[in-house]
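Grab a coffee and work through a few exercises on the model below. Try each task by eye before you read its solution.

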Amino acid sequence: MTSQEGPGLGDAARPGIGEFTATVIVNAPASRVFAAFMDWEKQSAWIPFTKVRVVEGDGGEGSLVEAVTAIGPAVIRDELRVVKVNAPFEVRVVHCGKVLRGPGSMRCTAMSGDRAQVVLHEWFHLPAGPVGKIAWPVLWPGSKIGFTGALKKFGRLVEQDQI
């Protein structure tokens, strides 16, 4: 993803060094899987401790989406700008908040038997300079497990027609 895909987003549009990928196979047609993913508010059903809402736009290109994760007193606000939608195949975003920054994408690939492979990929900038770089190897496994678990829950909800 280049900065041209995120006009006005500055360094947030460039990949950071905190990178992870999660993949799931969903037993549903790709068009249905993609539509479920793009229903931003319903992401609250499968992303733990998180409330998601569209704060600007219609959820498509140019929209601003907010995801607020709260665990006890700890609250993280993630703002992301939808920079590209190529339905039903791909959506690209740029996390452009104060803490979470960097590009991300979701790709949805049709498979035989009305199944779809979903791949989420994120490249976060690490906060706290050198401390963030040292902490990333410790934080990465938990992030990867959480991200993969949420995506698996998404797949189950789509398969059960709950989103």
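**Exercise 1.** Find the side chain with which the side chain of Glu 122 makes a polar contact, and work out whether Glu 122 is buried or exposed.

*Solution.* Keep in mind that this is a predicted model.
- Step 1: go to strand E7, where Glu 122 is found.
- Step 2: look for a polar partner. The side chain of His 95 sits 2.7 Å away in a polar contact with the Glu 122 side chain.
- Step 3: check the cover. Buried means under 20% relative accessible area. Glu 122 has 8% relative accessibility, so it counts as buried.
- Step 4: list the other company. Beyond its neighbours within four places in sequence, Glu 122 is also in contact with Gly 18, Glu 19, Phe 20, Pro 103, Gly 104 and Phe 147.
- Step 5: pick out one of these, Gly 18. It lies 104 residues from Glu 122 along the chain, yet their C-alpha atoms are separated by 7.9 Å.

**Exercise 2.** Trace the strands E5, E6 and E7 and say how they are joined.

*Solution.*
- Step 1: start with E5 and E6. They run antiparallel, joined by 7 bridges, and make a hairpin with 4 residues between them. To see one pairing, find Cys 96, which stands opposite Arg 101 in E6.
- Step 2: carry on to E7. E6 and E7 are antiparallel too, with 8 bridges, and Thr 109 has Gln 117 in E7 as its bridge partner.
- Step 3: inspect the turn. This hairpin has 3 residues between its strands, and Gly 113 in the turn has a positive phi of about 70°.
- Step 4: zoom out. The chain has 2 helices and 7 strands, in the order β-α-β-β-β-β-β-β-α from the N terminus on.

**Exercise 3.** Which residues of the largest nonpolar core touch the most other members?

*Solution.*
- Step 1: recall the general rule. In soluble globular proteins, nonpolar side chains tend to be buried together.
- Step 2: rank the members. The largest nonpolar core has 33 residues, and those touching the most other members are Val 33, Phe 37, Trp 40, Val 91, Val 118 and Phe 154.
- Step 3: see who contributes. Elements giving two or more residues to this core include helix H1 (30-38), strand E5 (90-96) and helix H2 (129-159).
- Step 4: don't miss the other core. Apart from the largest one lies a core of 7 residues, including Leu 9, Ala 12, Val 83 and Cys 96.
- Step 5: take Val 91 as a sample. Leaving aside neighbours within four places in sequence, its contacts include Phe 34, Phe 37, Trp 40, Val 82 and Met 106.
- Step 6: look at the whole chain. Of its 163 residues, 41% count as buried.

**Exercise 4.** Hunt for unusual backbone: where is there a cis peptide bond, and what is phi at Asp 114 and Asp 161?

*Solution.*
- Step 1: set the expectation. Most residues other than glycine have a negative phi, and most peptide bonds are trans.
- Step 2: find the cis bond. It joins Ala 87 and Pro 88, with omega about -5°, and Pro 88 is in the loop between E4 and E5.
- Step 3: check Asp 114, in the loop between E6 and E7. Its phi is positive, near 50°, and at 53% relative accessibility it counts as exposed.
- Step 4: check Asp 161, in the segment after H2. Phi here is near 55°, again positive, and the residue is exposed, with a relative accessible area of 57%.

Conventions: Residues are numbered from 1 along each chain as its sequence is written. This is a predicted model: local features need pLDDT of at least 70, side-chain atom pairs count only at pLDDT 80 or more; totals for chains, interfaces and linings use all residues. Side-chain values use heavy atoms; hydrogens and water are left out. A nonpolar core is a set of buried Ala, Val, Leu, Ile, Met, Phe, Trp, Tyr and Cys residues joined through side-chain atoms within 4.5 Å. Buried means under 20% relative accessible area, exposed over 50%, partly exposed in between (1.4 Å probe, protein chains only). Contact means heavy atoms within 4.5 Å. A polar contact is a pair of N or O atoms within 3.5 Å; within protein, one must be able to donate a hydrogen and the other to accept it, and residues adjacent in sequence count only if both atoms are side-chain atoms. Two strands pair if DSSP finds at least two bridges between them.
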